Structures are given as structure tokens and as C-alpha cells.
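Got the viewer open? Keep the selection box handy and we'll go from stop to stop.

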Amino acid sequence: MRFERPEDLQREERAIKKFVSIFSGTYKKLDPWNLDYRIFLNDKFICFVEVKGRKGRDMDTSYPLPIAIRKLFKMQETKRPCVIIWACTDGIVYGKYKNIKGSISFGGRKIREGSSNDQELMAYYDKQEELKCLRY
């Protein structure tokens with residue numbers, strides 16, 4: 001079951017637009033069970049992107065930044081460059097998934113009826129040099 005609401009998708013779209021504006025790139029949304037986007041520069045593929053929402057949190061209070069281990073596996077399976085973006089209320093935090101260091105523990109969010117991924121193995125990232133911030 002998918003739980004993304006229109007406001008979640010708007011937050012994701014705002015984040016990807018901000019990210020590609022750094023280098024005048026373009027993006028293509030991927031299917032719902034894949035990573036979120038393919039990123040292009042001058043019509044040439046440069047990376048995949050997964051956008052994670054940090055609803056109600058700004059860049060300074062979003063740490064540790066979470067992502068499900070299953071998403072990291074998807075990134076690894078692509079054998080291509082991948083970036084994680086955390087969409088905060090005041091901007092984005094982003095980094096190349098292979099360059100950031102984090103910790104792993106079981107976690108997630110409050111379990112919702114019909115969900116199979118609310119509680120799972122997660123990676124958490126503290127503030128570090130490899131994570132960049134960009135305000136909206």
C-alpha cells in the first residue's frame with residue numbers, strides 16, 4: 001500500500017527542482033517501487049536520486065537523517081552514481097550515498113495499518129562534511 005500524499009509529492013518535487021538547479025540539470029520521475037528520479041545533464045544520465053521527506057523539520061534539526069536500508073540496497077544494485085536528498089522545510093540536505101557515513105539500527109515510524117515498511121532496518125546519518133545543505 002502506498003502512503004504518499006499530494007503534499008509529500010509536492011515536497012519531493014520542490015527538493016528535486018532545487019537540486020537540479022545547482023547545475024542546470026533535468027530529472028525524470030521513476031515508477032513508485034523504484035528510486036525516485038534519474039538525473040540528466042545535457043540529456044546525459046549522471047545519477048539516480050532518492051528523496052526523503054523531513055516533514056516539519058528544518059535542515060538544522062533534521063539530524064540524524066534516516067533512510068531505509070532497502071533503499072541503499074536499490075542504490076547499490078544500480079551500479080551507478082546515486083544521491084540521497086532529505087527535503088526539509090527550509091531547504092535540502094544531500095550527499096552521494098557512497099561517501100556518507102552512518103549507523104544502522106532497527107527503527108522507522110509509528111506503524112500504520114496496511115504498511116509493511118514502517119518498522120525496518122534503517123541507516124541514520126549525523127551532520128558531516130560530505131552532506132551539503134542548500135536553502136530554498
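Select Asp8 and Arg5: their side chains meet in a salt bridge, 3.7 Å from N to O. The term covers a side-chain nitrogen of Lys or Arg within 4 Å of a carboxyl oxygen of Asp or Glu. You're looking at a predicted model, where local features need pLDDT of at least 70 and side-chain atom pairs count only at pLDDT 80 or more, while totals for chains, interfaces and linings use all residues. Residues are numbered from 1 along each chain as its sequence is written, and side-chain values use heavy atoms, with hydrogens and water left out.

Is Asp8 buried or exposed? It is buried, because its relative accessible area is 18%; the cut-offs are under 20% for buried, over 50% for exposed and partly exposed in between, with a 1.4 Å probe and protein chains only. Now add Glu7, which also forms a salt bridge with Arg5, the closest N and O atoms being 2.8 Å apart. Arg5 counts as partly exposed at 35% relative accessibility, and Glu7 is partly exposed too, at 40%. Bring in Arg11 and you have the network of salt bridges that links Arg5, Glu7, Asp8 and Arg11.

A search of the whole structure finds 11 salt bridges, so pick another one: Lys71 and Glu50, 3.4 Å from N to O. Lys71 sits in helix H2 (residues 69–78) and Glu50 in strand E3, so this pair ties together parts that are 21 residues apart in sequence. Helices (H or I, at least four residues) and strands (E, at least two) are DSSP runs, numbered from the N terminus. Lys71 is buried, with 9% relative accessibility, and Glu50 is buried as well, at 2%.

Next, jump to Glu12, in helix H1 (residues 6–21). What does the Glu12 side chain join in a polar contact? The partner is the side chain of Lys29, at 2.6 Å. A polar contact here is a pair of N or O atoms within 3.5 Å; within protein, one must be able to donate a hydrogen and the other to accept it, and residues adjacent in sequence count only if both atoms are side-chain atoms. Glu12 counts as buried, because its relative accessibility is 5%. Leave aside its neighbours within four places in sequence, and Glu12 is in contact (heavy atoms within 4.5 Å) with Glu4, Lys29, Asp36, Tyr37 and Val51.

Time for some rings. The structure holds 6 aromatic pairs, and Phe19 with Tyr94 is an edge-to-face one, 5.3 Å centre to centre with 70 degrees between the planes. This pair links distant parts of the chain: Phe19 is in helix H1 and Tyr94 in strand E6 (residues 91–96), 75 residues apart. For pairing, the rings of Phe, Tyr and Trp (its six-membered ring) need centres within 6.5 Å; planes under 30 degrees apart are stacked, over 60 edge-to-face, and the rest tilted. Phe19 counts as buried at 6% relative accessibility, and so does Tyr94 at 17%. Add Phe23 to the selection to complete one aromatic cluster of Phe19, Phe23 and Tyr94.

Now for the backbone. Select Tyr63 and Pro64: a cis peptide bond joins them, with omega about -5 degrees. Pro64 is found in the loop between strand E3 (44–53) and strand E4 (65–68). In that loop between E3 and E4 you can also pick Thr61, partly exposed at 47% relative accessibility. Draw a distance from Thr61 to Cys88: the two are 27 residues apart in sequence and 9.2 Å apart in space, C-alpha to C-alpha.

Then go to Asn42, in the loop between strand E2 (37–41) and E3. Where does its phi sit? It is near 55 degrees, a positive value in a residue other than glycine. Asp43, in the loop between E2 and E3, has a positive phi as well, near 65 degrees. Asn42 counts as exposed at 70% relative accessibility, and Asp43 is exposed at 75%.

Last stop: turn on the surface and select Ile104, Phe106 and Leu121. They form a nonpolar patch with about 340 Å² of accessible area together. Phe106 is in strand E7 (residues 103–108) and counts as exposed at 58% relative accessibility. Patches are made of residues with over 30% relative accessible area and no salt bridge; like charges are joined within 9 Å, and nonpolar side chains (Val, Leu, Ile, Met, Phe, Trp, Tyr) within 5 Å. The areas come from the Shrake-Rupley method with a 1.4 Å probe, and for residues only the protein chains shown count as cover.
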